[in-house]
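Work through the exercises below with the structure open. Try each task before reading its solution.

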Amino acid sequence: MIKVEHLSKHFGKVKAVDDISFRVNEHETLVLLGTSGCGKTTTLKMLNRLIDPTAGNIYINNKNILEQQPEILRRGIGYVLQNNGLFPHYTVGENIAIVPQLLKWDKKQTENRVSELLEKLHLSKDYLNVYPNELSGGQQQRVGLARALIADPEVLLMDEPFGALDNVTKAKIHAEFKALDELKRKTIVMVTHDVQEAFELGDRICLMDAGKIVQQGTPIDLLFKPKNKFVRDFLKEQRLQLEFRSVTLGDMGKEIAGHQAGQSVWAIMEILKNDGDKVKEFELLTTAFYQYKKEQAHE
Amino acid sequence: MNNQQTLWEFMRQQSDKLATQTLEHIGLTFISLFLAVLVGLPLGIFIARKRKLSAPVLGIAGVLQTIPSIALLGFMIPLLGIGPKPAIVALLLYALLPIIRNTYTGITGVDASVKEAATAMGMSQWQILFKVELPLAMPVILAGIRTATVITVGVATLASYIAAGGLGEFIFGGISLNNTNMILAGAIPAALLAIIFDFLLSRVQNLNFKKVKTATKLLPLLLLLLACFYFIPSAYGSKLTAGFTPEFMGRQDGNLGLQSKYGLKIHTIVISDAVMYKAAYEKQLDVISGYSTDGRLKAYNLIVLKDDKGIFPPYYAAPVVRDDALKQFPELEKTLNMLAGKINDTVMTELNYRTDYLHQSPEQVAKDFLVSKDLWKPARGGNAGTVRIGSKIFGEQYILANMYSMLIKGYTDYDVATKTGLGGTKICFDALTNNQIDFYPEYTGTGLLVILQPSTKTVDSVEGSRDMTYNYVKSEFETKYHLKWLQPIGFNNAYALMMRQKQAANLNVKSISDLKRYLDKK
C-alpha cells in the first residue's frame with residue numbers, strides 16, 4: 001500500500017507537483033493520467049526517490065520512504081521506463097539479473113527466476129545471450145518488465161511503459177499485461193498520457209493538471225461523475241469507446257447467457273459481432289447500455 | 001663514413017642502438033601514457049560529475065597542448081633537471097587533453113534513460129560508474145587514448161633533447177650530421193610505431209561489449225608492461241655520467257673516436273647542446289662534449305680535457321662563399337678577409353661568454369670588438385646590391401655574422417640581409433648551395449667530416465694539422481661545389497671533452513687518457 005500526503009516538488013519557482021495526496025491500495029493499479037508537464041512523471045519518480053520531494057510524505061507499507069536509504073529502497077521497487085533503459089552492454093539475461101546481482105542472490109536461484117519470467121512473458125530462451133539492440137521494441141519492453149519483476153517487488157512503478165510502441169504491438173502487450181498473474185499481486189503506479197490505456201489498465205485513475213490532481217476515481221466515476229469541465233473535455237474525444245470499454249454487465253445489472261458480469265460491453269460486442277445468430281443478444285446489450293447511461297445522467 | 005651506404009646497411013650496422021632507442025621510445029611513450037590515463041581518467045570522471053568545472057579543466061589542458069613541445073621540455077628543466085623525469089612529465093601533459101576530453105564526452109554521452117534505470121534498480125554511484133558509465137563510455141575513452149598515443153609517439157622524439165633517449169637520438173643526430181640514413185633510421189621506426197599502436201588500439205576500440213570487458217582489464221597491464229621497456233636499456237651504470245650531443249654521438253671525431261682510439265667506456269646519455277653545460281654545472285653530468293671556445297666554459301667553471309691522442313681535428317672558422325657571389329660583389333672577399341687572424345681562442349671564448357652568459361646582444365658584442373680593433377666604421381648606406389649572410393643557430397655564429405655585416409656596410413656600398421639561425425650544418429650548407437645565402441662562417445673540421453665525408457684514410461692523413469685540413473677542404477669545396485673558403489679567422493672551435501674544474505682536480509684528470517685510466521680503475 002502506498003500513501004502520499006501533501007506531496008510537493010518545486011523546481012525554482014515552478015511548482016511541478018503542488019500539494020497532492022492519494023492512496024494506492026494493495027494489488028491495485030493506479031494510473032496517473034495527464035498531458036505533458038502536468039507533474040505525473042515527477043510524482044512517480046518521487047515514489048522511488050529518483051527525485052526528492054520539496055515537501056510532504058510518502059509511505060510504502062506504512063514506512064516513510066524518506067527515512068530509508070535510497071539504494072535499498074529502490075531494490076525493492078520495480079521500475080519500468082518508457083525507453084526501456086536496458087543496458088546496451090549487457091545481454092538480455094544479464095539485464096534481467098541486475099537486481100538479483102545487487103541483492104547477491106546465488107546463481108541457481110537467479111537462473112531459475114529468469115527462465116520462469118521469460119516463459120511468462122513469452123520470450124524465447126534463445127534471447128538470453130542476445131544484446132538488447134537485436135530485439136524488437138515490443139521484446140525490449142518485455143525484457144524491461146522482466147527486469148522490474150525479477151526480485152518480485154511488492155510495488156511496481158511504470159513510466160509510460162508502452163509509450164514507444166506502435167498501436168498493434170501496444171494492444172497485444174496490454175492484453176498480456178492484464179493476463180499476467182505476477183502483476184495481479186502487485187501494487188502498481190503507472191504514468192501515461194494515453195486515455196485509452198489508462199482506462200483499460202487502471203483500477204483507479206488520478207487525472208492531473210498543472211501539478212494538482214483534478215479528480216481521482218474509478219473509470220466509471222470519471223466518465224459518469226466528472227468533477228468539472230476539464231475532466232469532461234479531457235475524455236470527450238473518445239468518450240463512447242471509453243464507455244463501451246469501462247461499463248460491465250455487472251455495472252448494468254443485466255445478465256446475458258454465456259457472459260460474465262465482469263465483461264465489458266466492448267468485450268461482449270467483440271464476441272457477438274462474428275456471430276450472425278446473436279442479433280437479439282446484441283440488441284439486448286445496446287439497449288441495456290443506453291438505459292444505464294440515462295440512469296447515470298439522472299443521478 | 002661512406003656516402004654509398006644504404007639505409008638498410010646503416011640500420012643493420014646500428015641495430016643494437018636502434019633496438020635500444022626503439023625500446024626506450026616505446027617505454028617513454030607508455031610510461032607517460034599510463035600516467036596520463038591515471039591522471040586524466042579520474043579528472044574526466046570528476047568534471048563529468050561537476051560540469052561547472054569542465055570548462056576550466058578542459059581549458060587548462062587545452063592550453064598545455066598548445067605550448068610548443070620544445071618549450072614545454074625547456075620549462076621542465078629548471079623544475080626537474082634533465083633525463084626521463086622531465087620528458088615523461090612533458091609527454092604526460094601533452095597526452096592529458098584527449099584523455100580528459102574523451103572521458104568527459106564519453107560519460108556525459110551515456111544515455112540518460114540507461115543511467116536512470118541503473119539508479120532506479122538500486123545501484124550506488126560507484127556501481128553506476130563502473131558497471132554502466134565507464135563500460136559504455138569506453139569506446140570514446142579508448143579513442144582518446146588512441147589519439148594520445150599517436151601524439152606521444154611523435155612528441156617523444158623530442159625527449160632526446162633533454163637526455164631521455166628514444167628514436168629522437170637518431171633523428172636529431174642525423175640532422176646535425178647531415179646523414180639522411182640516420183634521420184630515416186629514427187624517423188621510420190617512429191612513424192611505424194605510431195601506425196602500429198594506432199592500428200592495435202583501433203582494433204581494441206572496435207571490439208564488442210563482451211570483449212571490451214576483458215580488454216579493459218588487460219589494457220593497464222599491457223601499458224605497464226610496455227612502460228617497463230624503458231628500463232631495460234638503462235640497466236647499467238658507471239662511476240661518471242657523460243652527456244653528449246646527438247651530433248657528437250655519431251661522429252668519428254666524437255664518441256666513435258673516443259671509443260675506438262681511447263677505448264673510453266662511460267655511461268653516456270644524449271642531450272641537447274642547449275642544456276648540456278648547465279647540467280654539467282649542476283652535477284647531473286660529469287663529462288660533456290662541448291666546443292673549446294664556448295662562453296659557457298667560463299661561465300660554469302669547466303675545463304677542457306687535453307686531447308692527448310689528437311682525435312678532435314682542427315675546427316678553424318672561416319667564411320665559405322659562393323664563387324658566384326664573389327664575382328657579383330668584387331669588394332666582398334677583401335672585406336671579409338679583414339677579420340682573418342684577428343680572433344684567437346681566448347678572445348672568442350670571452351666574446352661568447354658575453355653573449356651566452358651575460359646576455360649582451362651579439363650586435364653589441366660585435367661592435368665593441370670591431371671598435372677595439374679600430375675596424376669599425378659607420379654604415380655607408382650604399383645600395384649596390386644585397387649580400388645575404390647566413391649563420392647557424394648558436395651565439396658564436398651570430399657574433400661573426402654581425403661583424404661581417406658591419407664590415408660590409410662600413411667598407412662597401414653593398415647592403416646586407418642576414419639569415420641567422422639556420423639550424424645545423426646541413427641546413428646552412430643547403431641554403432648556400434641553393435643560392436639562398438651568399439656565405440656563412442664554417443669550420444674546417446665540419447667541412448671535412450660532415451660535408452665532404454672522405455674515406456677514413458684521407459681523414460687520418462689530413463686531420464692532424466691545421467693547414468692540411470684547411471687546404472684539403474678548400475680545394476675539394478672549390479671543385480665539388482664551387483664554394484671558396486676565405487682566410488681563417490684565427491680561433492679553433494674544436495670539439496672538446498669538459499669536466500667541472502673542481503671534480504677534475506679532485507680526480508686528478510687532465511687529459512682524456514687520465515679520464516680513461518680513472519674509469520678503468522674499479
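**Exercise 1. The nonpolar core**

Task: Find how many residues the largest nonpolar core has, and which residues have the most contacts inside it.

Solution. Bear in mind that this is a predicted model.
- Step 1: the largest nonpolar core has 220 residues.
- Step 2: the most contacts inside this core belong to A:Val189, B:Leu91, B:Ala95, B:Ile162 and B:Met403.
- Step 3: the top contributor is helix α5 of chain B (residues 84-108), which gives 14 residues.
- Step 4: another core, of five residues, lies apart from the largest one. Among its members are A:Val247, A:Ile268, A:Leu285 and A:Phe289.
- Step 5: take B:Leu91 and leave aside neighbours within four places in sequence. Its contacts are then B:Leu28, B:Ser32, B:Thr152, B:Val155 and B:Ala156.

**Exercise 2. One serine**

Task: Decide whether B:Ser176 is buried or exposed. Then list what B:Ser176 is in contact with, leaving aside its neighbours within four places in sequence.

Solution.
- Step 1: locate B:Ser176 in helix α8 of chain B, residues 168-177.
- Step 2: count the other C-beta atoms within 10 Å of B:Ser176, which gives 25. The cut-off for buried is 20 or more. B:Ser176 is therefore buried.
- Step 3: beyond four places in sequence, B:Ser176 touches B:Pro246, B:Glu247, B:Gly424 and B:Thr425.
- Step 4: for a long-range check, take B:Lys510, 334 residues from B:Ser176 along the chain. Their C-alpha atoms are 29 Å apart.

**Exercise 3. A five-stranded sheet**

Task: Give the strand order of the open sheet in chain B, and say which strands are at its edges.

Solution.
- Step 1: the order is β2-β1-β3-β10-β4, with mixed pairing.
- Step 2: β2 (267-270) and β4 (302-304) of chain B each pair on one side only, which makes them the edge strands.
- Step 3: ignoring direction, neighbouring strands of this sheet are turned against each other by 35 degrees on average.
- Step 4: recall that strands pair through backbone hydrogen bonds, either parallel or antiparallel.
- Step 5: on one side of β3(B), residues 287-291, the partner is β1(B), residues 241-244. This pairing is parallel, over two bridges. B:Gly243 stands opposite B:Ile288, and B:Ala242 stands opposite B:Val287.
- Step 6: β3(B) also pairs with β10(B), residues 495-500, in the antiparallel sense over five bridges. There, B:Tyr291 has B:Tyr495 as its bridge partner.

**Exercise 4. The two faces of β3(B)**

Task: State which residues point one way from β3(B) and which the other way.

Solution.
- Step 1: in a regular strand, side chains alternate between the two faces of the sheet.
- Step 2: B:Val287, B:Ser289 and B:Tyr291 point one way, while B:Ile288 and B:Gly290 point the other way.
- Step 3: check the cover. Five of the five residues of β3(B) are buried.

**Exercise 5. A helix and its cover**

Task: Compare the span of helix α17 of chain B with the expected one, and find what covers its buried residues.

Solution.
- Step 1: α17(B) runs over residues 345-356, twelve in number.
- Step 2: from first C-alpha to last, α17(B) reaches 16 Å, close to the 16 Å expected at 1.5 Å a residue.
- Step 3: the buried residues of α17(B) are B:Met348, B:Thr349, B:Leu351, B:Asn352, B:Tyr353, B:Arg354 and B:Thr355.
- Step 4: their cover includes α14 (295-299), α18 (362-372) and α19 (395-411) of chain B.

**Exercise 6. Chain A and its contact with chain B**

Task: Judge chain A against the globule rule, then describe the side of chain A that touches chain B.

Solution.
- Step 1: chain A has 15 helices and ten strands.
- Step 2: its radius of gyration is 21 Å, close to the 19 Å from the globule rule for 299 residues, so chain A is as compact as a globular protein of that length.
- Step 3: of the 299 residues of chain A, 37% count as buried.
- Step 4: the contact takes 16 residues from chain A and 14 residues from chain B.
- Step 5: on the side of chain A, the elements giving two or more residues are α2 (70-75) and α4 (98-103). α2(A) gives the most, with four residues.

**Exercise 7. Positive phi**

Task: Explain why A:Asn61 counts as partly exposed, and state its phi.

Solution.
- Step 1: A:Asn61 sits in the loop between β4 (55-60) and β5 (63-64) of chain A.
- Step 2: its phi is near 50 degrees, a positive value in a residue other than glycine.
- Step 3: A:Asn61 counts as partly exposed because it has 13 C-beta neighbours inside 10 Å.

Definitions and conventions. Residues numbered from 1 in each chain as written. Chains lettered and ligands numbered in written order. Predicted model: local features only at pLDDT ≥ 70, side-chain atom pairs only at ≥ 80, totals over all residues. Core = buried A, V, L, I, M, F, W, Y, C linked by C-beta atoms within 7 Å. Buried ≥ 20, exposed ≤ 12 C-beta atoms within 10 Å, placed from the backbone. Contact = placed C-beta atoms within 7 Å. Pairing = 2+ DSSP bridges. Axes fitted to C-alpha atoms, helices over the stretch in contact; angles between N-to-C directions. Expected span 1.5 Å × (residues − 1). Rg over C-alpha atoms; globule rule 2.2 N^0.38 Å.
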